[in-house]
Amino acid sequence: MKLKSEYYLNEDVVALAKDLLGKVLYTKIGDEITAGIIVETEAYFGVKDKASHAYGGRRTNRTETMYAKGGIAYVYLCYGMHHLFNIVTAAENEPHAVLIRGIEPLVGIDIIEARRKMPVTKGAIAAGPGSAAKALGIDKGFNAKHLEGNEIWVEDHKIRYGDDEIAASPRVGIAYAQEHALLPWRFFVKGNKYVSKPNKG
DNA sequence: GAGACGATCAGCT
DNA sequence: GCTGATCGTCTCT
């Protein structure tokens, strides 16, 4: 059920980003357990990806988390108010990561609604990376936490989407990455309410 | 020590 | 469609 650590060591971060669709992301904060089905992701291809914080081998205090062995969380604050959650993948010193951009609420709906102050019937409750992280209560405190622990983990519920149910498109919000901005490394479930706005399928 | 800006969101028009 | 909110991180001095 819970994904094993080897799962995250896959060197093909683009394939992994697609494979993570349908997996279930859990968090446990105090006694509150919440979870959602991953319905939108983006791949960040380590040192060769201009959109990645680790492009060109940049190592800073912040990006150090991405250089660790796959299977931990990379969380950082964006625009001063949104926590973005990534899954670090591949071997140590290969700073690949998958950004979780949308989840479909599955467990602890009432808790999620309270955190987001809106009903689960609104897709915006967990569409987009900032919203998805907040729905699950993820903040900077989750940075570098192992995904095999008891605070945050991913399960395989045998949910499978066919290729005709999955769409690939360019990633969002990375125009500065020049030619890499057009790579189709964003994956999402077509027509799902909890997928963020741009190019909705 | 200061300045610029970002893997965004929600609310209003 | 437009725009304000809001602060950690990085770069340069």
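Two exercises with worked solutions follow, on a predicted model.

Residues are numbered from 1 along each chain as written, and chains are lettered from A in the order in which they are written. In this predicted model local features need pLDDT of at least 70 and side-chain atom pairs pLDDT 80 or more, while totals for linings use all residues; side-chain values use heavy atoms, without hydrogens and water.

**Exercise 1.** Determine which residues surround DNA strand C and which polar contacts Arg-58, Tyr-79 and Lys-140 make with the strand.

*Solution.*
1. Take residues with a heavy atom within 4 Å of the strand. This gives Arg-58, Thr-60, Arg-62, Leu-77, Tyr-79, Gly-80, Met-81 and Lys-140.
2. Sort them by type: three are nonpolar, two polar and three charged, with Tyr counted as nonpolar and Gly as polar.
3. Look for polar contacts (N or O atoms within 3.5 Å). Side-chain N or O atoms lie 2.8 Å from a phosphate oxygen for Arg-58 and 2.7 Å from a phosphate oxygen for Lys-140.
4. At Tyr-79 a polar backbone atom is 2.6 Å from a base oxygen.
5. Of the strand atoms within 4 Å of the protein, sugar or phosphate supplies 73% and bases the rest.

**Exercise 2.** Find the buried side of helix 2 and its packing partners.

*Solution.*
1. Helix 2, a DSSP run of H or I with at least four residues, spans residues 109-116.
2. Its buried residues (under 20% relative accessible area, 1.4 Å probe, protein chains only) are Ile-111, Ile-112, Arg-115 and Arg-116.
3. These residues lie on the same side of helix 2 because their arc around the axis, taken from the directions to the C-beta atoms, is only 125°.
4. Asp-110 and Ala-114, on the other side, are exposed (over 50%).
5. The buried residues pack (heavy atoms within 4.5 Å) against strands 1, 2 and 5 and helix 3.

How values were computed: Polar contact = N/O pair within 3.5 Å; in protein donor to acceptor, adjacent residues only side chain to side chain. Helix = DSSP H or I, 4+ residues; strand = E, 2+ residues; numbered from the N terminus.
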